[in-house]
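Biologist: Got a minute to go through this one with me? I'd like to start with the metal and then look at a pocket.

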Amino acid sequence: MKKGVGMRKKSLARLTAALAAPALLTGGVVAQVATASPAQAADSPLACDASLIEKKLENGAEWRMCARIHPVKGLILEQIEFKPATGDYEYSGFKRIIDQLNIAQLNVPYDTGHVQYDDITSYGFGKQYLQEQGPEVCKGEALPVEQSFTYSGRLVERTIPGICVQEDPTGIMTHAQETQIGGGTLYVDHGTGLAVSSISKISWYEYQQRVVFDDHGQIEVGLGATGDIAPAWASTNPNSFFHNNEKTGWPLSGPSQVTSGGSTQTIQSYAASHWHNAIFKVDFGIDKAERQVVEQYDFSSPGAGTRAPIIERQKTVMDAAFSSVAGVDHDELSWWRVMNPASKNFDGHARSYEIVNQNYANKTIPYTTPLVSFTNYRACEEYASNNLNAGCPGQNVLDYVANDNHQLTDPVAWINVGFHHTDKDEDQSPMPIHWQKFQLVPRDFFAQKPTIKDARKCINGPFSSVNAVTKPCTPENTAAPKITDKNDPTAAVVPAVGKTLTVSNGTWRSAAQSLTYAYTWFRNGEAVATGQDYTLTEADNNSVITAKVTASATGFPSGTVETAAVTFGTPPATEDPTDEPTDEPTDEPTDEPVVAVSSTTAVKVAAKVKTGKAFPVTVTVKSAKPVTGKVTVKFNGKSKSVTLVSGKGTVKFTAPKKLATYNVVASYAGTDTVKKSSKTVKVKVVR
Amino acid sequence: MNATLSVPWRSRKLAAVAAVALGLSCATTAYVVSQDDVAGTEPGMSSDFEVVGNGDLPTKKPALGADRAPLSAEETGYAISIASKDASIPAGATDVRGESGPEFLYADLPEVGAETSGRKVVVALYDYTTDTSFDMLVDLEAGKVVKSTKSVKAQPPTSADEADVAMQIAIDSTKDLLFKSEFEDNMGVPLIAPDQVEYVAGSWVFNKTTSKGQECGEDRCAQLMVSTAAGTYLNTWDFVVNLSTKSIVKTQ
Ligand SMILES: [Cu+2]
């Protein structure tokens, strides 16, 4: 598990510095100058020297990124890229997911209303607030972090182990039993994840930032709070962390004596409840996209079905920057994804990552009210509130949304991960860590599970579309077949002329295919007979007998495996009686699949249309094969379809009252032979 | 013995001792690492910052790392020295102690999304004379500032020097501050010097949730978090320190 962090390149100067402080390299970290392996040479390397983290997980999946400690943002991860365990089966080398990931604000208002803290923009998670990852803290490998600033006019610095990198088990990733009742083959995988973490202390609270990159491509971003709850003496003042207002706190311990103005009284105090409003900034870069699309998915029921409620999915392409408030703009089933329409997996689906954020937003503060906001990347917009960048100072995420009037193509997600903390007795010193987390989950980033086994590769979509050609399922032998005495299967085989032997099938992972078996018998490695049974003859004397069992399903490659040998007499010494079993596919399917060809959709519409007037939209779909079927055109919430004639169709809309620029989206659904395509153009409604 | 400087979020007593040690050995070289202070060798131990060389900012270009490599102390020092002397910084600029030259707040790489190339550093500075913050984009290779952006609204986290000044102002103030009476009530002695307590200071801007302190945001203000040597926190929510005017602002 604790392999060294794969590749850490250091400039000579920095390497020398590290060597001067060997004790820094705690927890098994060994800084090395490594050379790129041939596989890595295919990717352009990440030029970040000491902050490069590159790690191969147990299952063979690899992550790489640059990780450093920013003086204000703390742990900042850049250029996050993933290579699945299945490697080139999905794509070659690493693929980019995120350009930058960091916390962008941590606002802690107390329910007493007497104070709130902005732990990021007022204090920051770097500088002196960063805590050491000594061996008692970091059970993996601690990366040295160099920090410097001026103090009393002098340049000061320290280098401490500040980022912890370790591979942690994530539990059972898959458990699939092939048969209904058991006794079939079992697919079980235990997963691991690469955890990158740091700890920062802001007064009584100590926060762990922990991002886990798992071996299936999922990213979990967590903020854990430990340290201590706000400590104070008991007070009759409601403006206190241990105050006398039951409604804004929780009693910890019994009553205490309070002295003020010379008189002493006994009161029950209450530890102040509070929010931890954490907002993360995620700058997406799906496959280094030139243009990314943000979609929102909502689910609603049009009514009862025949035996269960019908639930329908509705997709909304988010054309512009937005903030989404629960109960207003989305509900608890809604989710968002960021997609690169130009990057397709082998099924032709655009690669995307979905945001899973099952947290609460604090609706008592405007900028923490949306659960998620999206804006186009703008360099000056660094923090979710009290922005520190002099280019757009003091602004918050609501300002960013309001100021963004471009089409949303370079999305940055501002993910609000709220946690309301009502203290309890058990939270007392030191407080057990409490977590707030969200996940970024691959959605069609891979055509199949990114750890898929050969025996399951043909399973892609419904069984009717089992892919026997490019993704064959080869039957995999899990228990070898065995030769026994036909008349006494439980006895040891005692070979004799005239005795009938039989061979079992062994056990095979059939990958949802119905297997048939063929048997071949070998004498000293030479095939002599077929069939499940074989009767020994004079010719078999002084030889080794083996059998090979071939498991096949129609249309799929076969698997073949050989039994252990039965020795009859004294075999010739020159022969090698035990051929290596082979599980190489033995027949190559030759059927060509039907391949759909691509199409392009073009839209003709006036750039400006007059309000209240009807206007035509003409759509032309072109492809190498004949274009048939319908095209759907959407405008201002309305949707119209027309059947294409020679690839062409026209619909009419009426320009609405509101003077604005609208999208016109034409979508061609495709056919078995022609792939779908779509096109979005703008039309401006004028007076 | 290497010079060791404890910065003020630790006990001020330690810092005072360190300052003496500093005076005794100013000829230390860069990258001095006192093994005793190395992280993890002793759980719970402080990890001190040390003076780089004689503490002067490098004026000669140091060895530069890759574009996205973390900054070395030498690169940071070089970037601060270039940024502070840039023509876009007013000639009369002063730091929190009123000394000539802007206050240094922090330095790091520009965001990766900003798509800069080469070895660039953003240096955040604050000029107390004009109450202006500056983001200076420094090109380390060229040894010059390539972009200077200023603002009268940005208030990045305080420097260690600013925290020291804020604490001293709070202690010297004749205003009735809750934490001082709380300290005296519970410790039995008055609070008269920063070395009696531990503290950090956050930058503070008016956000309409307090009745006073509107000037904070354009003025540079700090909110103290103060605890006793025993680790007990004192209530400091009733005021902030206006570092621009060197005065106490009662926020209630
Ligand atoms: Cu809490």
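**Metal site and pocket**

Modeller: Sure, and keep in mind that this is a predicted model. Along the chain, the donors of the copper ion follow the spacing Y-x68-H-x1-H-x144-H.

Biologist: Which residues coordinate the copper ion, and through which atoms?

Modeller: The distances run from 1.9 to 2.2 Å. One pair of donors links distant parts of the chain: His276(A) sits in strand S16 (residues 274-284) and His421(A) in strand S23 (residues 411-421), 145 residues apart. The full set is Tyr205(A) (OH), His274(A) (NE2), His276(A) (NE2) and His421(A) (ND1).

Biologist: What arrangement do the 4 donor atoms make around the copper ion?

Modeller: Four donors count as tetrahedral if all angles lie between 85 and 135 degrees. Here the angles run from 85 to 144 degrees, so the arrangement is irregular.

Biologist: Is His421(A) buried or exposed?

Modeller: The cut-off for buried is under 20% relative accessible area. His276(A) comes in at 0%, so His276(A) counts as buried. His421(A) has 3%, so the call there is buried.

Biologist: Over to the second largest pocket: which residues lie nearest its centre?

Modeller: That pocket holds about 680 Å³ of space. Strand S5 (116-118) and helix H3 (119-123) of chain A, plus strand S6 (197-204) of chain B, each supply at least two lining residues. Of the 29 lining residues, those nearest the centre are Asn386(A), Gly394(A), Val205(B), Phe206(B) and Asn207(B).

Biologist: And how many residues of that lining are polar?

Modeller: By class, the lining of the second largest pocket has 9 nonpolar and 4 charged residues. The count of polar ones is 16.

Methods: Residues are numbered from 1 along each chain as its sequence is written. Chains are lettered from A and ligands numbered from 1 in the order in which they are written. This is a predicted model: local features need pLDDT of at least 70, side-chain atom pairs count only at pLDDT 80 or more; totals for chains, interfaces and linings use all residues. Side-chain values use heavy atoms; hydrogens and water are left out. Donors are N, O and S atoms within 2.8 Å of the metal (3.2 Å for Na, K and Ca); water is not among the atoms, so sites may look incomplete. Four donors count as tetrahedral if all angles lie between 85 and 135 degrees; four count as square planar and six as octahedral if opposite donors are over 155 degrees apart and all others between 65 and 115; anything else is irregular. Helices (H or I, at least four residues) and strands (E, at least two) are DSSP runs, numbered from the N terminus. Buried means under 20% relative accessible area, exposed over 50%, partly exposed in between (1.4 Å probe, protein chains only). On a 1 Å grid over the protein atoms alone, a cavity is a set of points where a 1.4 Å probe fits but cannot get out, and a pocket is an open set with protein on both sides within 12 Å along at least five of seven lines; lining residues have an atom within 4 Å of a point. Grid points are joined across faces, edges and corners, and a volume is the space filled by probe spheres set on the points. Ala, Val, Leu, Ile, Met, Phe, Trp, Tyr, Cys and Pro count as nonpolar, Asp, Glu, Lys and Arg as charged, and the others, Gly among them, as polar.
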